[in-house]
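Reader: I should like to learn how to read a structure of this kind, feature by feature. Could you give the general idea each time and then turn to the case at hand?

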Amino acid sequence: MTINVNRSWLMVPTDQPDAISQACDSTASVILLDLFEGVAQSRRTFARESLKAAIGQCVTKKKTVYVQISPDQWESDVRACVCQEVSALVVARAETVEHIQALDALLLKEENRLSLPAHSIQMVLCLETARGHQDAYALGASSKRVFALSLGRVDLVMDLRPEPSGEIHLLPFLMQRLIILSRTLGLMAVGAWWRAPDRGLNATADNTFKAARRGRAVGFSAVMCVNPQQVEPIHRAYSQEAI
Amino acid sequence: MTLLVRRSNLCIPINDRARVQRAGFHHADAVTLDLSATAVVPPTLQEDIQAAAKGGAEIFVRLSPLQWEAQMASLPVAALTGVMLSKVESVEQLQQAEKTIATLEKKQGLDKGHLQWILGIDSARGVWHIRSILAACDRLTQIFLDEKSLATDLELVCLAELDPFDYARGRLVVETTAASVSLVGMSYPLSVTPVEEAFTFIHENANKARNLGLKGVVCPFESWVAPVNQAFTPTPELVEWNRRVRIAFAEGVAAGTAAVPLDGKMIDVPVDEWAIVVLEMAQACEQRDEQKRLALLSSGVAAV
């Protein structure tokens, strides 16, 4: 398995240049340009049109760039984002092998069109739905581009609510299953062990540190976050001192 | 079905001669002579098996994941109950081992199936593929969930307060139970950082392991054996309660009902069924302990 040093993946809406600037000024390992979750439906086209400029901002700051594509407009998103500077696509709400294989084929076509090396763009699958989890093994094995699996915002998508203890229903089960499955397939598991009141990756620095440390303890190797203030606690949770 | 009473399996490195010679005197239900760190089978193995068997324990050998085929060819099969094989991850691997062991049994004039398997599951692949592994052979009696090695495979930096194996253990409990195979191991975090501790501490952790669905413990230390045996043996109070359950339920059935009260609790079909299991297990444990006591007496050596 490849050793991963990209611990912090900072997700930022692609239609917000100021937020992208702030993200680029952070020490995040990866800037995850979002075309879906943080972008209003009415601004999706604008976000796609802004993508090349956003990628440019990130590259200037020597950041690794991933792009999160939407499940409903994935073809347009893929055509907008394929370029040498984008290392990976994050596939939100991955559910079917057919979808991943279609994505793979479109990526190959775009790579050929742009004279990029075949399969140079990798994929991260966010398993956020019950169906995605049911077919997780087949999804993870469906393309050699897939290098990581994540729960994404499964707590919100599947409406998993907090227990009185603060643990979110089903989350420990889904996390540990994803980790075992990822390792079986030789893939990275991306995530953190969030507890209520933190939902949707948004948390205080202290809670982010705790979630990342718990996540590391059960087998995650990187964390997605949405605020630049979360980056330092994530790096700290993965440091030697956090052991 | 005969109940398998293998509460404690004392695992001792074969090179630790002093411990091997005393292995039979600790009342373990089974003793595993661990060859996993050696390349070859030592010439003293037959003698070691005899020493370890003095207390009536079943004798297993744990083979090296890398040298198991060569080691297996040199085993005195007739003297063994079975073989523990670690790092089992796939059906193909198990089928190869199965073929080798069957050939060996034939060569030594033994019935097919003489040797039992205990398979060590210590990787994500093993956990994920457990159902096909369980279905791949008939001689499998136990699965050993080796959480220490699993933590290494997953590159975990464990926190004592956070059990990372809920899913892995849960999956194995369900799958092994469905396949009528016993799952053994130890509760977390003692499973990852095994230490010699006071009787009560080990007993408490073994109880926890039993409550998690495990049927026994692979003991790295002699001091674990007694508390583990006790934790996996129904207590006299539990036996007495379940005797009363059976009587109360039978009276209820005779009176035309399958749900009767006893000391404020409802006794119905599942409670009665569980009572049968508890009483049978208590009896099987008693018989096993008597077998071991007699074996120790006949060996002419006092227990430690």
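Author: Let us begin with a helix, bearing in mind that the model is predicted. Of the 15 residues of α8(A), 12 are buried, so this helix is largely enclosed by the rest of the structure.

Reader: Which residues of α8(A) are buried?

Author: A general point comes before the list. An α-helix has 3.6 residues a turn, so residues three or four places apart point the same way. In the present case, the buried residues of α8(A) are L171(A), L174(A), M175(A), Q176(A), R177(A), L178(A), I179(A), I180(A), L181(A), S182(A), R183(A) and L185(A).

Reader: What span should the 15 residues of α8(A) have, at 1.5 Å a residue?

Author: The expected span is 21 Å, and the end C-alpha atoms of α8(A) are 21 Å apart, which agrees. After the helix comes G186(A), whose phi is positive, near 75 degrees.

Reader: How should I read the nonpolar core, and which residues have the most contacts inside it?

Author: In soluble globular proteins, nonpolar side chains tend to be buried together. Here the largest nonpolar core has 161 residues, and those with the most contacts inside it are L10(A), I31(A), V91(A) and V124(A). The largest share of this core comes from α8(A), which gives 8 residues.

Reader: What is I31(A) in contact with, leaving aside its neighbours within four places in sequence?

Author: I31(A) is in contact with L10(A), V12(A), A23(A), C24(A), C58(A), K63(A) and V65(A). L10(A) is also named among the core residues with the most contacts.

Reader: Let us proceed to the contact between the chains. How many residues does it take from chain A and from chain B?

Author: The size of an interface is often given as the accessible area lost when the parts come together. Here I can offer residue counts: the contact takes 15 residues from chain A and 15 residues from chain B. On the side of chain A that touches chain B, the elements giving two or more residues are α8 (171-185) and α9 (205-218) of chain A. The largest share of that side, 9 residues, comes from α8(A). By class, the side of chain A that touches chain B has 8 nonpolar, 3 polar and 4 charged residues.

Reader: How does one judge the overall form of chain A, given its radius of gyration?

Author: One sets the radius against the value from the globule rule. The secondary structure of chain A comes to 10 helices and 8 strands. Its radius of gyration is 17 Å, close to the 18 Å that the globule rule gives for 243 residues, so chain A is as compact as a globular protein of that length. The C-alpha trace of chain A spans about 50 × 40 × 35 Å along its principal axes. Buried residues make up 52% of the 243 residues in chain A. Of the contacts in chain A with a separation of 6 or more, 66% are between residues 24 or more positions apart.

Reader: And what is the radius of gyration of chain B?

Author: Chain B has 12 helices and 10 strands. Its radius of gyration is 20 Å, close to the 19 Å that the globule rule gives for 304 residues, so chain B is as compact as a globular protein of that length. Along its principal axes the C-alpha trace of chain B spans about 65 × 45 × 40 Å. In chain B, buried residues make up 45% of the 304 residues.

Reader: Which domains does the assignment give for chain B?

Author: The assignment gives domain 1 (8-232) and domain 2 (234-304). Taken over C-alpha atoms, the centres of domain 1 and domain 2 of chain B are separated by 28 Å. Between them, 8 residues of domain 1 of chain B are in contact with 9 residues of domain 2 of chain B. The domain 1 side of this contact divides into 1 nonpolar, 4 polar and 3 charged residues.

Reader: Finally, a single residue: is H203(B) buried, exposed or partly exposed?

Author: The verdict rests on counting neighbours. With 18 C-beta neighbours inside 10 Å, H203(B) counts as partly exposed, because a residue is buried at 20 or more and exposed at 12 or fewer. H203(B) lies in helix α9 (residues 199-211) of chain B. Not counting residues up to four places away in sequence, H203(B) touches P227(B), Q230(B) and A231(B).

Notes:
Residues numbered from 1 in each chain as written. Chains lettered and ligands numbered in written order. Predicted model: local features only at pLDDT ≥ 70, side-chain atom pairs only at ≥ 80, totals over all residues. Contact = placed C-beta atoms within 7 Å. Helix = DSSP H or I, 4+ residues; strand = E, 2+ residues; numbered from the N terminus. Nonpolar A, V, L, I, M, F, W, Y, C, P; charged D, E, K, R; others polar. Domains from an automatic or database assignment. Core = buried A, V, L, I, M, F, W, Y, C linked by C-beta atoms within 7 Å. Expected span 1.5 Å × (residues − 1). Rg over C-alpha atoms; globule rule 2.2 N^0.38 Å.
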